[in-house]
Amino acid sequence: MSKHRVVVTGLGAVTPIGLDTSEFWNGLISGKNGVAPITHFDASKFDTKFAAEVKNFSPDIYFDKKTVRRLDPFSQFAIASSVQAINDSEVNLEKLNKERAGVIFGSGIGGLLTLQTEHWKYFQDNNPSVISPFFVPMMISDLAAGQISIRFGFKGPNYATTSACATASHAIADAFMLIERGSADIIICGGSEAPITEMAIGGFNAMRAISTWNDRYLEASRPFDKDRNGFVMGEGSGTLILEELNHALSRGAKIYAELAGIGLTADAHHITAPAPNGEGAARSMKIAIEEARLKVEDVDHINAHGTSTPHNDINETKAIKTVFGDHAYNLVVCSTKSMTGHLLGAAGAIEAIATILAIKNNIIPPTINLDNPDPECDLNYTPKKATSKEVNVAISNTFGFGGHNASLLFKKFEE
C-alpha cells in the first residue's frame, strides 16, 4: 500500500502568551513570560500560588451565552483554536467531502473544573438532583473532539487521545497515520487542557511536581537550569490542520510544513519517572528520523519536552546525545515551556506549532530563565534570546506520566 504524504495547512492557538497563532509566535520569539499569580481561584492556602493562565479569553467571540454555559473551559479552548485553524487553512467547507474529514483531539484530564464543581454541589446539598444534566458531556475528555466535529460537520474518524503530557502529540500522530494510509483527506487535530483548579494544583503539590517559587514566579519555569524545582502549570489549546498532500495542492492551500515522521514508544518503567538515560525518548526520536528517511545530521532543531524538572531535563538531554552523538552539539534546542508553562495534554499541540513556525520563519524561540545551566545539561538550549537559523528539519518531543513518548518530525515542504 502506497503511503500518502501529510502536510500542515492550518494552525490555531489559545495560550498563556497569546490568544491566536500570531500572538503566540510573537510572544515566543520575544521571550514573553506567561506566568502570573493564579486568578481562577483563591490559591492562598496552596504551596503554589501561580500558574500560566490564559488571559483575556472571550468565549463570546466563538459561542452564544447558552453554549458557553454548557462547555467546560477545555472544550471552549479546543473549539476556539480549531475555528482559528480552519479559518487559517481557508478550506471551503461547502465543497469539502466531510465523510473524509476527521477530528482527532485529545485532553489529558478533560473537564476537571466541571467535575470539581458538580462534586461540590452534590456533597454540599447531599442531593443528586442538583447535578447538572450537562455534567457528563461537559466533563468527559472526548467531548472536545465531538464538539469540534459537530461544529464543522466532519463525519470521518473522530475520537480523543489521552496519554498525559503526550496526549496532543498522539492525536497529531494518529491523524498523520490515518491520512497516510488513505482513510481521510483532512483532519483537525491537537489537544486542549484547562487544569488550573484547586484539585489539580493541590494534587501536583502533593506529588511535589510543580514549582513553589511564589516569591520568584516569573523565574519559576526554568528548563535545564540547575536551580529548577518543578514545572509550572499552564492551560490552553493548540490545533493543526493536517491534510493529504494532493488534496491540499488541488485546492491551492498554503503549506506550512510537512509532517514526515513520527516516533511512539513506551518506557515500561515507572508511573512518573522516565526510563534511565531517557531510553524510551531516544527510541521515539530515532524512529521518527528513520520513518522520515533522514539521517540524524539532517535535524537542525528540537523543541524539547523540557519541563523544568530534574528527571526530565537530564534524561532528555541524555536521550538527545544517545541519538545524535556529536551532532547533538550542533542542534539548537529550546523549551517553550519556559514561557508558556506546561499545558499537559495540550503541550504537544502548541509546541508542534512552535516547531512548525520555527521552520517557516527560520527562527528558534528562546529558553528563558536559563541562568545557571545544569552541568548535566550541556547542549545549546537557546538561552534568553531567539536564534536566527536555517531550519529545514525539526523534532517536537513530548513525554507523559505512564512512560508515554512521542516525537513528531516536521520538515520544510518540497514538492
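**Exercise 1. Lay out the sheet.**
Task: In what order do the strands of the open sheet of 10 strands stand, and which strands stand at the edges?

Solution.
Step 1. In this predicted model, the order is S5-S4-S6-S7-S1-S8-S14-S13-S9-S10, with mixed pairing.
Step 2. S5 and S10 (332-334) stand at the edges. Each has a single partner strand, so one side of each is left without a neighbour in the sheet.

**Exercise 2. Examine strand S4.**
Task: Which strands pair with S4, and in which sense, parallel or antiparallel? How many residues of S4 are buried?

Solution.
Step 1. Take S6 (residues 186-193). S4 pairs with S6 in the parallel sense, over 6 bridges. Here Ile104 stands opposite Cys189 of S6.
Step 2. Take S5 (residues 158-159). S5 runs parallel to S4, and 2 bridges join them. Val103 stands opposite Asn158 in S5.
Step 3. Now count cover. Buried means under 20% relative accessible area. In S4 (residues 101-106), 6 of the 6 residues are buried, so the strand is largely enclosed by the rest of the structure.
Step 4. Check the faces. One side carries Ala101, Val103 and Phe105, the other Gly102, Ile104 and Gly106, and both faces are covered.

**Exercise 3. Follow S13 to its neighbours.**
Task: In which sense does S13 pair with S14, and in which sense with S9?

Solution.
Step 1. S13 and S14 (residues 404-411) are antiparallel, with 8 bridges. Gly400 has His404 of S14 as its bridge partner.
Step 2. Look at the turn. S13 and S14 make a hairpin with 3 residues between them. Gly402 in the turn has a positive phi of about 100 degrees.
Step 3. S9 and S13 pair in the parallel sense over 3 bridges. Ile302 stands opposite Ile395 in S13.
Step 4. Move on from S9. S9 also pairs with S10, again parallel, over 3 bridges. Asn303 stands opposite Cys334 in S10.
Step 5. Check cover. In S13 (residues 393-400), 8 of 8 residues are buried. In S9 (residues 301-303), His301 is buried too, at 0% relative accessibility.

**Exercise 4. Compare salt bridges.**
Task: Where do the partners of the Glu118–Lys121, Lys286–Glu290 and Glu351–Lys337 salt bridges lie?

Solution.
Step 1. Recall the principle. Side chains of opposite charge can pair when their charged atoms come close. The count for this model is 18 salt bridges.
Step 2. Glu118 and Lys121 meet at 3.2 Å, N to O. They are 3 residues apart in helix H4 (residues 112-125), about one helical turn. Glu118 is buried at 10%, while Lys121 is partly exposed at 29%.
Step 3. For Lys286 and Glu290, the closest N and O atoms are 2.6 Å apart. Both lie in helix H10 (residues 279-291), 4 residues apart. Lys286 is partly exposed at 45%, and Glu290 is partly exposed at 47%.
Step 4. Glu351 and Lys337 meet at 2.8 Å, N to O. Glu351 lies in helix H13 (residues 347-361) and Lys337 in helix H12 (residues 337-340), so the pair ties together parts that are 14 residues apart in sequence. Both residues are buried.
Step 5. Some bridges share partners: Arg222, Asp225, Asp371 and Lys384 join into one network.

**Exercise 5. Find a charged patch.**
Task: Which residues gather in a patch of positive charge on the surface?

Solution.
Step 1. The residues are Lys65, Lys66, Arg69 and Arg70.
Step 2. Place one of them. Lys66 is in helix H2 (residues 65-69).
Step 3. Lys66 has 47% relative accessibility, so Lys66 counts as partly exposed.

Conventions: Residues are numbered from 1 along each chain as its sequence is written. This is a predicted model: local features need pLDDT of at least 70, side-chain atom pairs count only at pLDDT 80 or more; totals for chains, interfaces and linings use all residues. Side-chain values use heavy atoms; hydrogens and water are left out. Patches are made of residues with over 30% relative accessible area and no salt bridge: like charges are joined within 9 Å, nonpolar side chains (Val, Leu, Ile, Met, Phe, Trp, Tyr) within 5 Å. Accessible areas come from the Shrake-Rupley method with a 1.4 Å probe; for residues, only the protein chains shown count as cover. A salt bridge is a side-chain nitrogen of Lys or Arg within 4 Å of a carboxyl oxygen of Asp or Glu. Lys and Arg count as positive and Asp and Glu as negative; His and the chain ends are not counted. The place of a charge is taken as NZ of Lys, CZ of Arg, CG of Asp or CD of Glu. Buried means under 20% relative accessible area, exposed over 50%, partly exposed in between (1.4 Å probe, protein chains only). Two strands pair if DSSP finds at least two bridges between them.
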